[in-house]
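Welcome! Here is a short briefing to help you find your way around a structure you have not met before. Take a look at the model first, and then read on.

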Amino acid sequence: MSQTLMATGFADPVFDQQATFRAAMWALSRPGRVEPIRAGLTPPAPLNAEAAALALALCDYETPLWLDPVLAGTPAVADFLRFHTGAPIVAEAREARFALIAEPAEMPDFYDFAQGSPEFPDASATLILQVDSFTAGLVLEGPGINGRTAFGAAPLPADFIERMAANRAGFPLGVDLLLAGAGGVAGLPRSVTVKEG
C-alpha cells in the first residue's frame, strides 16, 4: 500500500508543496483570479488532483481534516491524505481546520464549520471545494479586487450567493473558500462580496 501511496504524491515534495502553497495564497489575496496548479498528482478518485495538491500543501498533523460523504466513502482517499499529510481525519465538520468537498452542490451550511472567534478569527475552517470548471455569472467585490471582477465556477450550491452574503456579514469570523479544479485554484475569502453577474 505504501508504494502506491508514495507513487501518487508530489514528484518533488519541496518544490511542489511550495508552489501549491503560493498558488493558494495568491488565490486568496486576489479573489476570483484562477492560479495554476501543476502538481502532477494522481490521487485516488473521486479526489481531484488540484484539491489533493492543496491538501498536501496546507495540511499536517496539527490540522484536522474533514471529508464530505463522497470522499469519506472511499477509504483510499483518507489513506492517501493520512499518509502524505499526517492530518487527522475528523467525523465532525465543526472540528476541522480544513474540509475537502467533492460535491459542493450538496455541501453542509457554512455555519456547520468552525467560524473562529473574535479573539482568534484565524481559528476558522478553510473549505476546499472541487469544481469541474471556472465559468462566469458572478461578480466579486472587496479587498484584493480592483473595483469588481467577473467570476464563476461549477458546481456550486444553489444558494451560494446567500451563503457568501451571510459569511461576509459575520466578518472577521467566517470561512474561507478555495475552489480547486480545471488545473487551478481560485480563492473566495470571507471578506469578499459575491453578487449575480
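The points below cover the sheets, the helices that pack on them, and some charged side chains.

Please keep in mind that this is a predicted model. Two open sheets are described here: one has seven strands with mixed pairing, and the other has three strands with antiparallel pairing. The structure also holds seven salt bridges.

**The seven-stranded sheet**

- Reading across this open sheet, the strands come in the order β1-β9-β8-β5-β4-β2-β3.
- Its edges are β1 (35-36) and β3 (89-90), each of which pairs on one side only.
- Inside the sheet, β8 and β9 run antiparallel and are joined by five bridges. To find one pairing by eye, start at Leu177, whose bridge partner in β9 is Leu188.
- Helix α2 packs on this sheet and touches β1, β8 and β9. The direction of α2 makes about 40° with that of β9.
- Another helix, α5 (residues 75-85), lies across β2 (65-67), β3 and β4 (98-101). Helix α5 runs at about 165° to β2.

**The three-stranded sheet**

- Here the strand order is β7-β6-β10, and the sheet is again open.
- The edge strands β7 (149-154) and β10 (193-196) each pair on one side only.
- From one strand to the next, the twist averages 55°.
- Four bridges connect β6 (residues 133-141) with β10 in the antiparallel sense. Glu141 has Thr193 of β10 as its bridge partner.
- Glu141 also forms a salt bridge with Arg148, with the closest N and O atoms 2.7 Å apart.

**Helix α6 and its two faces**

- Helix α6 (residues 160-169) packs on the three-stranded sheet, where it touches β6 and β10. Its direction makes about 155° with that of β10.
- Which residues of α6 are buried? They are Phe160, Ile161, Arg163, Met164 and Asn167. These residues sit on the same side of α6, because they cover an arc of only 160° around the axis.
- A general point helps here: an α-helix has 3.6 residues a turn, so residues three or four places apart point the same way.
- The cover over the buried residues of α6 includes β6, β8, β9 and β10.
- On the face turned away from the buried side, α6 carries the exposed residues Glu162 and Ala169.

**Salt bridges to look for**

- Asp176 and Arg190 form a salt bridge, and their closest N and O atoms are 2.9 Å apart. Asp176 lies in β8 (residues 176-181) and Arg190 in the loop between β9 (184-188) and β10, so this pair ties together parts that are 14 residues apart in sequence. Both Asp176 and Arg190 are buried.
- Glu35 and Arg30 meet through their side chains in a salt bridge of 2.9 Å, N to O. Glu35 counts as buried because its relative accessibility is 9%, whereas Arg30, at 24%, counts as partly exposed.
- A network of salt bridges links Arg30, Arg33 and Glu35.

**A buried charge without a partner**

- Asp16 is found in helix α2 (residues 13-29).
- How far away is the nearest side chain of opposite charge to Asp16? That side chain is Arg22, 8.6 Å away; Asp16 is buried yet has no salt bridge.
- Leaving aside residues up to four places away in sequence, Asp16 touches Phe10, Ala11 and Ala39.

Technical notes: Residues numbered from 1 in each chain as written. Predicted model: local features only at pLDDT ≥ 70, side-chain atom pairs only at ≥ 80, totals over all residues. Heavy atoms only, no water. Pairing = 2+ DSSP bridges. Axes fitted to C-alpha atoms, helices over the stretch in contact; angles between N-to-C directions. Contact = heavy atoms within 4.5 Å. Salt bridge = Lys/Arg side-chain N within 4 Å of Asp/Glu carboxyl O. Buried < 20%, exposed > 50% of the residue type's maximum accessible area, 1.4 Å probe, protein only. Lys, Arg positive; Asp, Glu negative; His and termini not counted. Arc of directions from axis to C-beta.
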